[in-house]
Amino acid sequence: MTCQWMHTHTHRLALTLAQSTASASHVLQLASLSDNASIFPLTQPKMQLTVVLAAATLAAAAAPRPAAHYVWPAPSSLKDKEASVAIKSWSDADASCSGLNVDAFLNSYKAKTGKDLPRSDIVAPSPTQVYVPNPASCSPVAPKAKRAVAPVDFKLSCAVKTKVAKAADLDGVDESYSLEVSETGAVITAATDIGAKYALQTLSQLITKDGNVVLASIQDSPAYPYRGLMLDTSRNFFPVSDIKRTIDGLAASKLNVFHWHIYDSQSFPIKWDTYPQLDAVKFKNADGSLKEYTKEDIKDVVAYAFARGVRVIPEFELPGHNAVFAAIDAKLVASLNHSPWDCTSGLPYCNAMPANTSVGTNNWSTSVWWGRQYCNQPPCGQLDIANNLDAAVDLVDKLVGEVGSWFEDPYLHVGHDEINPRVYGVVKETDDHPDHRAFDTILPAFEKKLVAILAKYNKKLAAWDELAWDNVPSYNKTHPKYDANAVSYNSVELIPKDSMIAVWDQFYLNENLYEQIADAGFTNVVSSHNNYWYFDCSAGVKWCTQEFERGDRDATGEYVLYPNHTWHNWTTVYNYDPRAGLSKKAAATIQGGFASLWSETIKRHNLDRFIFPRAGALAERLWSNIKKDATTEPRLNRFRQSLINEYKIASADLAFLGQEKTVYRTEWCDTNLDSPAQKTVEWGFPGQPVKSGNGSAMEGWGFMSIPNDYCKIASTYKTNDLVYTVPEVSAYDF
């Protein structure tokens, strides 16, 4: 490398990096996982440094680290200009970037410098002598103490071909963009305004902790079109402010779907004027007011998300998990509040297992596996489509036609997970597990009418994967008392093949479940694999953790806890690729994925830390689909800092393992501490009292002869006292 000072008659200072044999810039490519590529320099140029003195300074200083280190999720292609520029103001002379997320850029600057970046016209600065230091190998150089790169007015320019008109059009929208960042400003080109918003989000990340802008050329587009988060607002309630803050984090992460599991058996938090009776199954604030979402609230959330390029897909859970509809008419619900919720009516049947026998051993002659339950969580109750089909269908028609119209997305998720045939009287009390054809005379009649209702209101069907099952081998197939196959809904041929199938329940076939769904003809699959992308899996929810994540329980106090029980940490989330190992046919059906946060153990105070930064890890998997490398962790940590400082998201540290001070229950438990509906005969789950219903001590795993209290631990805290707190500032690493 050679060093040279040059003085021109125009007295302009410029930093010129000229390469003798190749381009001066390092080029970084981010390829797909299948290409076994990551972030890497393609060239190591030999450069000549030329410094020219001038008056109107547009000088760029050497960047402190590679440009790729600043961006999350990693872009498809990044050309590093190995320089940065100080900025004093910004401008958008033709307002081409108006309404396109310029705030992300401005908020990032303020969070890093403590100052607002003013908008101004370009003003010619006074002549200035500026020294730019050469690399250490060069001499002579200007004294470092006198180095000062004059800040520039940073010009923004956005060229957008199409502006998305309404939220319904976000499905399948082009999200690609190009971003050219130079010494004078940033030029953004995108097919749609959604891509342009992502470009400005990326630009905001290129601001260093000192307020300089790193220079780069970026071409970007997502690996998967569907990238999201499911939030359950039925088991614990989260106000609109929490939902909007979550959506801010999704947009910053380039996640584009907010899947809203809005009601369930525990509560119906929607103000639906047609059925004011549902107020009886809403939670209450400390002042006695109802915790609910009005029509205006829902439309506000949809509009807020749309402005950030995020779809809002509601989930109307049907026909399982529907205890709330008994508030309208008890005849609408089968097996309401069955007690105990996890056992058949004849309690002795739940005790075929001797005391202290471990569930899952090979002692099949004396043990009973999970299968006698009436529901998977209290309170029990399913829409009675077996005995009151017409009334049930009428309710669903009104729900989809009225409340469904408040949501603009073409898809409406209709639940369909964990429907239990036992509640409809088609399973003998003495049977350990339902026959896999138990639904054959029940569900098909309902599905035909449901499909017609969705078509009537121009909604596309989305559902959990059980709806796409048929003859799926049971994970308990080695048990002599069990049917060889899992329960089938017998509806595979009744629903459209372009229905969105959300895959979660991979206890049965693991990745082969994708293959079976593809073989059944479904073409639109999204993944929320419970072993990787269930964000509630933690020390408080142990059923969905993998073996290597499990730790010993601590039952020395009043309640069972799992202090050493870990969760799906960010690396587990990041490393899972839903297409890995699949056939070409099955891989082609997978359109993306989403994290699921069921809120059994989530309150307002820990919502953010259970979502972030793991949602960011998910985002890079679904946007970039690259392998984890040495840059991943520091990049994610810096992104975490931006969530805290720029969006007031109380993100967890990367080392957080989901360990809370206690185990939380659904908000339903707050007012049902002693109700029969919360009684359980299972032993060994987090938050359970260590003494049985008759006061005797319990050991081991299994089922009990004296029902215990699932909700008792909820007496140790007050849900309304657990609130969101604005996080403290977190210093940026770079």
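1. Helix α3, residues 240-252, lies across two strands, β10 (226-232) and β11 (257-261). The helix runs at about 150° to β11. These values, like the others in this note, come from a predicted model.

2. Both of those strands belong to a barrel, which eight strands close in the order β10-β11-β12-β15-β16-β17-β18-β19. The pairing in the barrel is parallel. From one strand to the next, the twist averages 25°.

3. One pairing in the barrel can be followed in detail. Strand β12 covers residues 311-318 and strand β15 covers residues 411-415. The two pair in the parallel sense over two bridges. Leu 318 stands opposite Gly 415, a residue of β15.

4. Another point concerns two helices. Two packed helices are described by the angle between their axes and the distance between the axes. For helix α1 (residues 102-113) and helix α2 (residues 193-205), the angle is about 10° and the axes are 7 Å apart. Because angles under 35 degrees count as roughly parallel, α1 is roughly parallel to α2. The crossing in which α1 passes α2 is right-handed.

5. Which residues of α1 and α2 meet? On the α1 side they are Val 102, Ala 104, Phe 105, Ser 108 and Lys 112. On the α2 side they are Leu 200, Gln 201, Leu 203, Ser 204 and Gln 205. The residues of this contact divide into five nonpolar, four polar and one charged.

Methods:
Residues numbered from 1 in each chain as written. Predicted model: local features only at pLDDT ≥ 70, side-chain atom pairs only at ≥ 80, totals over all residues. Heavy atoms only, no water. Axes fitted to C-alpha atoms, helices over the stretch in contact; angles between N-to-C directions. Helix = DSSP H or I, 4+ residues; strand = E, 2+ residues; numbered from the N terminus. Parallel < 35°, antiparallel > 145°, perpendicular 65-115°, else oblique. Left-handed = near helix turned anticlockwise from the far one by under 90°. Contact = heavy atoms within 4.5 Å. Nonpolar A, V, L, I, M, F, W, Y, C, P; charged D, E, K, R; others polar. Pairing = 2+ DSSP bridges.
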